[in-house]
Amino acid sequence: MLKSDEIKKLRKAGIIARRSLHKAKEVCGEGVSYLEVAEEAEKVIFDHGAKPAFPMNISVNSVGAHYTPIENDDKVFKKGDLVKLDIGCHVDGYIADNALTIEIGTSRHTSLIKAAEEALAVAIKTIRPGIRTKDIGKNIENMIESRGFKPISNLTGHELKRHVLHAGTSIPNVSKGWTKIKKGMVLAIEPFATDGGGKVKEDQPGDIYKLEHKRNLKREDLEFYEWIENKYGTLPFAARWCEDYGDGHEKLLRRLRRFGSAMNYPVLVEKKQGLVSQSEHTVIVTSKGCKVTTKS
Ligand code: MN
Ligand code: MN
């Protein structure tokens, strides 16, 4: 069960995560660089005394998730781009994770964006102790299909625990899973809708990493590992966040990967190149339903 100071920290993280997401939305526009958006949004997190829970994901068009800008990224938004902005932060390890979808300068994809938003709304209404994850997934699936789209079946929401972004229970976007929802669980609910096939596949390596074991590392590698561990814990981080370590951080990161001491998240792309929308909130399960922590 959550204590009141834990709930306070979860709520604080929620408010900051939402502010940061809104900042990203505000900065987005035709000709604006992905990197500027990520840096501005991540700055909001630090300015409020929180820390990022993962590098901001900026996933455009048929990219479903796990693209974050690289150092000196020269990608800019183009008119008509369908953009998923996904950002999370933590206060003392208590995480909030949220996302929304916008399009740049057009309004051609309103129905696809709405499908994910409405699926999220119905999922939030469904959540209460005793229901099963498949009940949430079924409602998400039904809502998205009723709008003429498909849910992405191999992307899921997830339980959040202190310092752990993907902990235990997955929250599917289709009718799957018998795990019972319990009071006090913290859940990130994130429906994805597409006009494609309904699945993502792994594409090229992205710029998001996560630390693994530190067995058998030589001094130079261990120092770098521990520098990352000290700054970002075991939460996902970006190579561009290691710039402060100085020259050579890219080479060191490659070495950590080679030794199995860091893993890389590949960029996830819709299998049939369909467009993808996403909407996400973090909720705390209460005795009768749930409370959204990431509401503006
Ligand atoms: Mn997210
Ligand atoms: Mn999430």
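These are my notebook entries on a predicted model.

**Entry 1: the manganese ions**

I started with the metals. Which protein atoms hold the manganese ion (ligand 1)? I found Asp-86 (OD), listed twice, with Asp-97 (OD) and Glu-280 (OE). These donors lie 2.0 to 2.4 Å from the ion. I wrote their spacing in sequence as D-x10-D-x182-E. Then I looked up where two of them sit. Asp-86 lies in strand β4, and Glu-280 lies in the loop between β14 (276–278) and β15 (281–285), so the pair ties together parts that are 194 residues apart in sequence. I checked exposure too: Asp-86 and Glu-280 are both buried.

Next I turned to the manganese ion (ligand 2). Its protein donors are Asp-97 (OD), His-158 (NE2), Glu-190 (OE) and Glu-280 (OE). They lie 2.1 to 2.2 Å from the ion. Along the chain I noted the pattern D-x60-H-x31-E-x89-E. Asp-97 is in strand β5 and His-158 is in strand β7, so this pair ties together parts that are 61 residues apart in sequence. I found both Asp-97 and His-158 buried.

How far apart are the manganese ion (ligand 1) and the manganese ion (ligand 2)? I read 3.1 Å, with Asp-97 bridging the two. Glu-280 is also on the donor list of the manganese ion (ligand 1), and I met Glu-280 again on the list of the manganese ion (ligand 2).

**Entry 2: the largest pocket**

I then looked for pockets. The largest pocket has a volume of about 400 Å³. I counted 21 residues in its lining. Which of them lie nearest its centre? They are Asn-57, Ala-65, His-66, His-166 and Glu-190. Glu-190 was already in my notes, as a donor to the manganese ion (ligand 2). The elements giving two or more residues to this lining are β2, β3 (63–65) and β13. By class, I have nine nonpolar, nine polar and three charged residues.

I stayed with His-66 for a moment. His-66 is in the loop between β3 and β4. Is His-66 buried or partly exposed? Its relative accessibility is 23%, so His-66 counts as partly exposed. Its phi is near 75°, a positive value in a residue other than glycine. I noted the background: most residues other than glycine have a negative phi.

**Entry 3: another positive phi**

Gln-273 has a positive phi as well, of about 60°, although it is not a glycine. I located Gln-273 in the loop between β13 and β14. Its relative accessible area is 52%, so I call Gln-273 exposed. The cut-off for exposed is over 50%.

**Entry 4: the nonpolar cores**

Now the inside. In soluble globular proteins, nonpolar side chains tend to be buried together. I looked up the largest nonpolar core here and found 31 residues. Which have the most contacts inside it? My list reads Val-37, Met-56, Ile-58, Phe-77, Val-83 and Leu-85. Six elements, α1 (4–27), α2 (34–47), β2 (57–60), β4 (82–91), β5 (94–103) and β13 (262–270), each supply at least two residues. α1 gives the most, with six residues. Apart from this core lies another, of 26 residues. Among them I noted Ala-116, Ile-171, Met-185 and Val-292.

**Entry 5: Phe-77 and Ser-33**

I picked Phe-77 for a closer look. Neighbours within four places in sequence aside, Phe-77 is in contact with a set of residues including Cys-28, Gly-29, Ser-33, Tyr-34, Val-37, Ile-58, Val-83 and Ile-104.

I followed Ser-33 from that list. Ser-33 is in the loop between α1 and α2. Its relative accessibility is 19%, so Ser-33 counts as buried. The limit for buried is under 20%. Ser-33 touches Lys-75, Val-76 and Phe-77, leaving out residues up to four places away in sequence. Ser-33 and Phe-77 are 44 residues apart along the chain, yet their C-alpha atoms are separated by 6.3 Å.

**Entry 6: Val-164**

Last, I looked up Val-164. Val-164 sits in the loop between β7 (157–159) and β8 (170–171). With a relative accessible area of 36%, Val-164 is partly exposed. How far is Val-164 from Thr-234 in space? The C-alpha to C-alpha distance is 7.8 Å, although the two are 70 residues apart in sequence.

Notes:
Residues are numbered from 1 along each chain as its sequence is written. Chains are lettered from A and ligands numbered from 1 in the order in which they are written. This is a predicted model: local features need pLDDT of at least 70, side-chain atom pairs count only at pLDDT 80 or more; totals for chains, interfaces and linings use all residues. Side-chain values use heavy atoms; hydrogens and water are left out. A nonpolar core is a set of buried Ala, Val, Leu, Ile, Met, Phe, Trp, Tyr and Cys residues joined through side-chain atoms within 4.5 Å. Buried means under 20% relative accessible area, exposed over 50%, partly exposed in between (1.4 Å probe, protein chains only). Helices (H or I, at least four residues) and strands (E, at least two) are DSSP runs, numbered from the N terminus. Contact means heavy atoms within 4.5 Å. Donors are N, O and S atoms within 2.8 Å of the metal (3.2 Å for Na, K and Ca); water is not among the atoms, so sites may look incomplete. On a 1 Å grid over the protein atoms alone, a cavity is a set of points where a 1.4 Å probe fits but cannot get out, and a pocket is an open set with protein on both sides within 12 Å along at least five of seven lines; lining residues have an atom within 4 Å of a point. Grid points are joined across faces, edges and corners, and a volume is the space filled by probe spheres set on the points. Ala, Val, Leu, Ile, Met, Phe, Trp, Tyr, Cys and Pro count as nonpolar, Asp, Glu, Lys and Arg as charged, and the others, Gly among them, as polar.
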